[in-house]
Amino acid sequence: MLVKVFKLVIIHKIKEGNIMKFAHLADTHLGYRQYGLIEREKDFYEVFERVIDKIIEENVDFVIHSGDLFETSRPSPIALLTFQKGLLKLKGAGIPMYAIAGNHDAVMRKGSIPPQVIFKKLGLKVISTINPTYMHDDIFIAGLPFFPASHGKALKSKLAELSEKATHHEKSILVLHQGIDKYFGYNYELEIGDIPDNFDYYAMGHIHKYVNDKFGKGRLVYPGSSEIWKTSEIPDYHENGKGFVVVDLDGSKPIIKRVKIEMPRQFIKKTIDYSSLESEILSIKEAIKDFDKKPILSLEINNVESDTKVIYEIINEELGDLALMIRPKFNLAGQDPILDDESSSDMSPEALLVKQLEKYDNTDVNILATDLYGLLSKDKTEEASELISQFYNEHYSTVTEDADEEPPEGDEQTTLEED
Ligand SMILES: [Mn+2]
């Protein structure tokens, strides 16, 4: 009898072992309307639906979303409904989802809540400063919402707490939405040495390109954004595709499988010499005329010897109906096209600001400036003034004690409704 029970346990364990895998995605930015085009907003929804279907096909046990689920902290009803539909589809398949808020969907004002909280009643397991840990069977899942660099001290102390808790579990996952210096050239909140090294898997969000690195007891992964959010992501898209990862935590090291999702629309970038403009236009026309969805065309025309307005009209007349958007760039004859291209145009205003700040050599002020830039460029004036007063309290006020203890966002106002 005892042998029988023992056998059953073994069989159960093996069975459980075979199915313990999860999907990890991030940066879906639902509600983002690229170039102000409704078609692009819909593309992001379509990709999200494809991701959900693919996750169900992959037969995972649970899903982790590492932040920037929505483009803003106040998503439109369509963005909310798109997520709700996906969440319910997963629920129907018996797959729960764990999620943190990213810098886009977090509200950095005391007492406010990220949109993820709306879905708790539908089963979404929100990882927050108030509820930072969960157990999924015997897997310990810990995480935090996005912390701005100005709250680096609080972030590091919370990471230390989670790391201590993880020591009591055999398998553990850390979920964060942060930039790390090793993978993110500028404006990061953490250095790689700040990250506790005793987790098996680091489910990261924030960086829109795909990163899969050895770290801690296992691996650190940024699945990247699910759609092309910025054109500078195109080279990475060609290299790694867009999508998510499926992680198998059964062995001593996690096994990562990259799952690519086909983009609904193509981005086409072409450099053309003015002398062959006509034939190039014809070949583009031929290439895109049967596309399901009109592509976005980036055309760089070198050695231009004519009025750019006239050329633009020609391009528009020939390709306007076949492309969703045409982004032309003209380089006049004799002008070095490399001079004003890639390097400088690839630098975001934020990166330029960081470069300018370097000469002041004051880390705290630089961090404040970049955080303020991030908030003010999104019209988050209230949060910006909150940040300034926190900064003032931390650095100049005589009462400094509780400044660091404040979470960067309020999350749930009450802890009564915990899962
Ligand atoms: Mn993002």
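Is leucine 37 counted as buried, partly exposed or exposed, and how many C-beta neighbours does leucine 37 have inside 10 Å? I would like to begin with that residue, and I should say at once that we are looking at a predicted model. Leucine 37 sits in the loop that runs between S1 and H2. With 13 C-beta neighbours inside 10 Å, leucine 37 is counted as partly exposed, because a residue has to have 20 or more such neighbours to be called buried and 12 or fewer to be called exposed. If we set aside the neighbours within four places in sequence, leucine 37 is in contact with Leu324 and Met325. The second of these is worth finding on the screen, since leucine 37 and methionine 325 are 288 residues apart in sequence, while their C-alpha atoms are 9.2 Å apart in space.

Let me step back to the whole chain for a moment. The protein chain has 11 helices and 15 strands, and of its 419 residues, 35% are buried. Among the contacts with a separation of 6 or more, 70% are accounted for by residues 24 or more positions apart.

Now to the sheets, and I will take one that includes S1. Six strands form an open sheet in the order S4-S3-S2-S1-S11-S12, and the pairing in this sheet is mixed. Its edge strands are S4, residues 125–126, and S12, residues 255–260, each of which pairs on one side only. Inside this sheet, S1, which covers residues 21–25, pairs with S11, which covers residues 243–248, in the antiparallel sense and over four bridges. If you would like one bridge to look for, alanine 23 has valine 246 in S11 as its bridge partner.

Another open sheet of six strands has the order S5-S6-S7-S8-S10-S9, again with mixed pairing. Here the edge strands, pairing on one side only, are S5, residues 133–136, and S9, residues 211–215. From one strand to the next, the twist in this sheet averages 20 degrees. S9 pairs with S10, residues 218–222, in the antiparallel sense over five bridges, and valine 211 stands opposite tyrosine 222 in S10. Helix H4 packs on this sheet and touches S5, S6 (139–143) and S7 (171–177), with the direction of H4 making about 175 degrees with that of S6.

Staying with H4, which spans residues 152–166, we can pick out lysine 158. Lysine 158 has 17 other C-beta atoms within 10 Å and is therefore partly exposed. From C-alpha to C-alpha, lysine 158 and leucine 144 are 8.3 Å apart in space, and they are 14 residues apart in sequence.

Finally, I would like to turn to a pair of helices. How do the axes of H2, residues 38–57, and H3, residues 77–92, cross? They come within 10 Å and cross at roughly 5 degrees, which means that H2 is roughly parallel to H3. On the H2 side, the contact is made by Tyr45, Phe48, Glu49, Ile52, Ile55 and Ile56, and on the H3 side by Thr82, Gly86, Lys89 and Leu90. Sorted by character, the residues of this contact divide into six nonpolar, two polar and two charged.

Conventions
Residues are numbered from 1 along each chain as its sequence is written. This is a predicted model: local features need pLDDT of at least 70, side-chain atom pairs count only at pLDDT 80 or more; totals for chains, interfaces and linings use all residues. Two strands pair if DSSP finds at least two bridges between them. Helices (H or I, at least four residues) and strands (E, at least two) are DSSP runs, numbered from the N terminus. Axes are lines fitted to C-alpha atoms, for helices over the stretch in contact, and angles run from 0 to 180 degrees between N-to-C directions. Angles under 35 degrees count as roughly parallel, over 145 as roughly antiparallel, 65 to 115 as roughly perpendicular and the rest as oblique. Two residues are in contact if their C-beta atoms, placed from the backbone, lie within 7 Å. Ala, Val, Leu, Ile, Met, Phe, Trp, Tyr, Cys and Pro count as nonpolar, Asp, Glu, Lys and Arg as charged, and the others, Gly among them, as polar.
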